[in-house]
Amino acid sequence: LMAAAGGAGGGTKITLEHLWKRLRAEQGVDTARVWENIIDVVVKSLVCVDDVIPYQPNSFELFGYDILIDDQLRPWLIEANASPSLGRDSPMDNKIKLAVVTDAINIVDPMPFDREALVKVVERRMAEMRRKERGVTGRSPKPAPSPAEQLEADLQAILRGAVPRQYGEMPKKMGKFRRICPGSEQFERAMKMKKAHFRSHRDRPNFPVGGKHT
């Protein structure tokens, strides 16, 4: 495949770009439509499990999807990997997976922080915990700040006054990533289907076992 793909392959794999070129050139396939159908499958899988995915706005996870395209160009979900392999066994792997990691880090956009300030905050909090465990209460001539005020002051010191990206705010750099939910047509359709299913299940008559509804 490496020779056939002109460097766009490695082992038993080829790049998605090369696959699309072959399908368009050899079979006249509308690859844009196939890709949108794949996005539809991915969105539906996420909508199916969004009720059980913990809400963690301060973390991220990279998923890998295995999709099978049949002879009718319909995509089928084989599996979703919560920890996709990022091992690099070929030049193609090196090029693609390095780009994936780079784009993921750019989306997260980790902020620079003051390590010395962070150490001071951790040491102060540990000392406060030890005092509470011993039942020692300190007195100060100044009123103590509220927990929210203290947290804000700590974050200001650690982040040097910078403000983290707010929940829902789009990243500055997306790379080749694309936001598919929420905000896409596929997501809106999938949510309507899910809500309709729940309504029909909720409104379904509850027949007693072994009896008849009258």
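**View 1. Contacts of Ile180 in the predicted model.** In this predicted model, Ile180 touches Ile39, Val42, Val43 and Phe187, not counting its neighbours within four places in sequence. Ile180 and these four contact partners are also listed among the members of the largest nonpolar core.

**View 2. The largest nonpolar core.** Eight residues form this core: Ile39, Val42, Val43 and Val47, together with Ile180, Phe187, Ala190 and Met191. Two or more of the core residues come from helix H2 (31–49), and two or more from helix H6 (185–203). The biggest share belongs to H2, which supplies four residues.

**View 3. A second core.** Separate from the core of the previous view is another one, made of five residues. Among them are Trp20, Leu23, Val29 and Val34.

**View 4. The hairpin of strands E3 and E4.** Strand E3 covers residues 64–69 and strand E4 covers residues 75–81. The two strands run antiparallel and are joined by six bridges. One residue pair to look for is Leu68 with Trp76, its bridge partner in E4. Five residues lie between the strands of this hairpin. In the hairpin, Leu73 has a positive phi near 65°.

**View 5. Helix H5 and the residue Arg160.** Helix H5 is made of 12 residues, numbered 147–158. From the first C-alpha of H5 to the last, the helix reaches 16 Å, which is close to the 16 Å expected at 1.5 Å a residue. Just after H5 comes Arg160, where phi is positive, at about 55°.

Notes. Residues are numbered from 1 along each chain as its sequence is written. This is a predicted model: local features need pLDDT of at least 70, side-chain atom pairs count only at pLDDT 80 or more; totals for chains, interfaces and linings use all residues. Side-chain values use heavy atoms; hydrogens and water are left out. Two strands pair if DSSP finds at least two bridges between them. A nonpolar core is a set of buried Ala, Val, Leu, Ile, Met, Phe, Trp, Tyr and Cys residues joined through side-chain atoms within 4.5 Å. Buried means under 20% relative accessible area, exposed over 50%, partly exposed in between (1.4 Å probe, protein chains only). Contact means heavy atoms within 4.5 Å. The expected span of a helix is 1.5 Å times one less than its number of residues.
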